[in-house]
Amino acid sequence: MIETAASLLEIPVTIIEQAVELECQDEHLIAEEIDGKSCLFLAPLQRAEIGVASHLLRLLHGDLPWGQIDPTKAIPWVEQRASRTLSPSQRDAVAIALHSKVTVITGGPGVGKTTIVTSILQILQAKKMDVLLCAPTGRAAKRLTETTGLEAKTIHRLLEFDPTSMGFVYNHTNPLRADLVVVDEVSMVDVVLMSQLLRAIPDNAAVLLVGDVDQLPSVGPGSVLADIITSERIPTVRLTEIFRQAATSQIIVNAHRINQGQMPLMREDGSSDFYVIAADDPEEIQAKLLRVVTERIPQRFGLHPIRDVQVLTPMNRGSLGARALNGVLQQALNPEATPQVPRFGWTYAPGDKVIQTVNNYERDVYNGDIGQVAQVDPEEGQVEIDFEGRLVTYDVGELDEVALAYAATIHKSQGSEYPVVVIPLATQHYPMLARNLLYTGVTRGKQLVVVIGQPRALAIAVRNVRATQRLTNLAARLREGK
């Protein structure tokens, strides 16, 4: 860090070293050793990491809120009630969760995570347990509500953010009231938010953490889910078996192939939900992408090119980046819309697809939420955006909080699902071509995934596991119990 800072700022190394020393004295930076390397933590991040470890260990101990439940009786009961048979691995997962105060369930798409969570919830509801469900994004929370039939909130809404104090209403002095807290899409939760959530969970409650550890890590600092699993301190169920009904989906089969470093397969009969379209260069990729989004998908599958189709790209920059593609797609899909308001080089008009790029607690819209411009009032300087049935008004000056979303980066898509995902891949994306990035993009598609790109770029992404390791000390803190 010192060397990089010296060359970037063109300041002598000695001055940087002095500055680091002063920051350490003032406890703005904390020096710590990680895997034998000398490292510097920002003080709030170190506090958050210590908090996650100490709260997980606190919650791990104590009596189960539901007492002893015999899985050999509870599992057949829930199978009969739900008219479904759990596989041996799913039964083991349910049994472990019923015997543990903190449990992690991880696995890719189609391995039955939802079935396990629903079975656990049905058993515990029969015991009259109070259950809270949450996820990091609005879309992930909505999906959790749909799959379980119980209300799920975003973590921020669950903890009730208070804009006046810039803190959460629920915390260690005012804990949540629950016997079990279920957190979905945990791979997206950064170390600071996880610390805030865990400190608000009372001693007597149990915690169920659910997520896919092979996806991209959180946008914010840390790799919480991976570290918890690596520590081996928290009972963890890793599901790998793809279920029969899921195995008919090429999206799911190919997601698992990509995750294992194998190239995706194409069905010959044309009945697939996964397609790879080869193209030689960025210009050809862009032309084919336009045709697929505006003509082929709407004509062949009867899907709406704005509402149902999401273009996901590895980067923001470049001719195949989110910025360039948004301009091209807006021109193709919503060219004549009026009235328009210009802002930061973009124009916004009714019908435009937009994404919220920062958390706005007062408006109750969060980073990654996708909406559509409902109406524009140039005289009042206001834009009304429809976020899944909820209208939110922005002054033109506040439009720096949103961006066009005909195309978005794969990072921004975490925790979301779309009917159709179209992914352009080119060697110009080289810095970003990694297995977990492609895997995350592919697993966002529900009905159809189309990859358009250079075969070499696809091969690089599938092979490349060198995704930058994040420097964290959470696994060690959990192992050492501090």
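Let me begin with Phe-168, which counts as buried at 15% relative accessibility. This is a predicted model, and every number I give is computed from that model.

Phe-168 has a ring partner. Phe-161 and Phe-168 form an aromatic pair with an edge-to-face arrangement. The ring centres are 5.5 Å apart, and the planes make an angle of 80°. Phe-161 is buried as well, with a relative accessible area of 18%. How many aromatic pairs does the structure hold? One.

There is also a charge over a ring to report. Arg-363 lies over the face of Tyr-394, and the distance to the ring centre is 4.3 Å.

Next, the sheet. We have an open sheet of five strands, in the order 11-22-21-12-20, and the pairing is parallel. Which strands form the edges? Strand 11, residues 274–278, and strand 20, residues 407–409; each of them pairs on one side only. From one strand to the next, the twist averages 25°.

Take the edge at strand 20. Strand 12, residues 309–313, runs parallel to strand 20, and three bridges join the two. In one of these strands, strand 20, Thr-409 is the bridge partner of Thr-313.

Then there is a helix against this sheet. Helix 15, residues 435–442, packs on the sheet. The helix touches strand 11, strand 12, strand 21 and strand 22. For your viewer, strand 21 covers 418–425 and strand 22 covers 445–453. The direction of helix 15 makes about 150° with that of strand 21.

Last, the cysteines. How many disulfides are there? The count comes to zero. Why do Cys-24 and Cys-39 not form one? A disulfide needs the two sulfur atoms within 2.5 Å. The cysteine sulfur closest to that of Cys-24 belongs to Cys-39, and it is 12 Å away, so the distance is too far for a bond. From the other side, the sulfur of Cys-39 has its closest cysteine sulfur in Cys-24, again at 12 Å and too far for a bond.

Are these two buried or exposed? Cys-24 is partly exposed, with a relative accessible area of 25%, whereas Cys-39 is buried, at 13%.

To recap: a buried Phe-168 in an edge-to-face pair with Phe-161, Arg-363 over the face of Tyr-394, an open five-stranded sheet with parallel pairing, helix 15 packed on that sheet, and zero disulfides.

Key. Residues numbered from 1 in each chain as written. Predicted model: local features only at pLDDT ≥ 70, side-chain atom pairs only at ≥ 80, totals over all residues. Heavy atoms only, no water. Pairing = 2+ DSSP bridges. Helix = DSSP H or I, 4+ residues; strand = E, 2+ residues; numbered from the N terminus. Axes fitted to C-alpha atoms, helices over the stretch in contact; angles between N-to-C directions. Contact = heavy atoms within 4.5 Å. Phe/Tyr/Trp six-rings, centres within 6.5 Å; stacked < 30°, edge-to-face > 60°. Buried < 20%, exposed > 50% of the residue type's maximum accessible area, 1.4 Å probe, protein only. Lys NZ or Arg CZ within 6 Å of the ring centre and 35° of its normal.
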